[in-house]
Amino acid sequence: MLIYQATQSSTSDVYLPIDLLVLWMLVIASRRQSPWLAAIAGVFIGILCLFRAEAFLLIPLFTLWLGWRMWRSRRKSPQIVRDVGVIALAFMFPALLISGAWLVRNAVVLGEPSISITTSGGFNFWIGNHSGADGYGQTSSNTKVGANLQRRLNSLPASRNYEEARDSLYLNAALQYVHDHPWQTALTDFKKLEMTATFAPDDPRTHNVVYLASWAVLAILGIWGIFLRPGTRDERALLYIFAIYALVVIMTFFALPRYKLSVEIILMLFAGCAMFAAERHFVARFGVTPIPKARI
């Protein structure tokens, strides 16, 4: 998918590097047991929330991971409770401060308190969860509104909180559908997962042999790298948490090819380990490296 990202402007061009930066800062902060580095990671995940509202869920997940990592490394320390609390608060405070400041801004603009960073979350959830949803985010059936919902949308008054009121109608309609059709919702969710793991039928770009072949190579190398178990168990757990979160977001809302990027960047890290292991095996077997050394 990175092939196509180089040809278009998207928020993913910004939030993907921030994703990697947050993961890297968390690992470094846990290794050095540094509240200051944890705070820097908190600043970046707060910024990430402004690009991806659902990233707010990563704040408690990463806080638990950071506290768990500190607990395991300093379990014999008499000040372990204080140390865990300090590093957890150092991470959470700037993250919540930045995202909370945007919620205050929304309350001022909309004229009433808002619990969401964006006013499109309900609509996005509805796109992936209603009677006409096929799991993909770019088909006409996914945006076709029923008569009842359309009537309620048309009756909304033109006011400061119109956007939030409109989004609430979409959210309530989607939640009602999920409540009334749990099995169909589950099937659609797994369809989204299938399209993410293979290709999107309605997007001809994903049918290209270059796209399919490169994804197959990355998936094979990435899974191979996972089985090699590089790094520490705790650090691998952080990457697994992020990858699972990325897949859950897709299954909850809708599938788009670029959403797979959050999974691909994790697989790239493990694929690098697989390639390094392959080179070491080649050197041990034949005495030479298959990768030419650059001359500067």
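**Surroundings of R69 and N129**

Beyond its neighbours within four places in sequence, R69 is in contact with S30, R31, T232, D234 and E235. These contacts, like the other features described here, are taken from a predicted model. R69 itself belongs to helix α4, which spans residues 58-73. With a relative accessibility of 13%, the residue falls under the 20% limit and R69 is therefore classed as buried. One of its partners, S30, is also linked to R69 through a polar contact between the two side chains, at 3.3 Å.

Helix α2 comprises residues 12-32, 21 residues in total. From first to last C-alpha, helix α2 extends over 30 Å, close to the 30 Å expected at 1.5 Å a residue. Immediately following α2, Q33 adopts a positive phi of about 55°.

A second site is centred on N129, which is located in the loop connecting α6 (121-127) with α7 (147-154). The relative accessibility of N129 is 3%, so this loop residue also counts as buried. Residues up to four places away in sequence being disregarded, N129 touches A174, Y177, V178, T185, D189, K192, T252 and F253. The side chain of N129 additionally places a polar atom 2.8 Å from the backbone oxygen of F125. Although N129 and Q184 are 55 residues apart along the chain, their C-alpha atoms are separated by 9.4 Å.

Technical notes: Residues numbered from 1 in each chain as written. Predicted model: local features only at pLDDT ≥ 70, side-chain atom pairs only at ≥ 80, totals over all residues. Heavy atoms only, no water. Helix = DSSP H or I, 4+ residues; strand = E, 2+ residues; numbered from the N terminus. Buried < 20%, exposed > 50% of the residue type's maximum accessible area, 1.4 Å probe, protein only. Polar contact = N/O pair within 3.5 Å; in protein donor to acceptor, adjacent residues only side chain to side chain. Contact = heavy atoms within 4.5 Å. Expected span 1.5 Å × (residues − 1).
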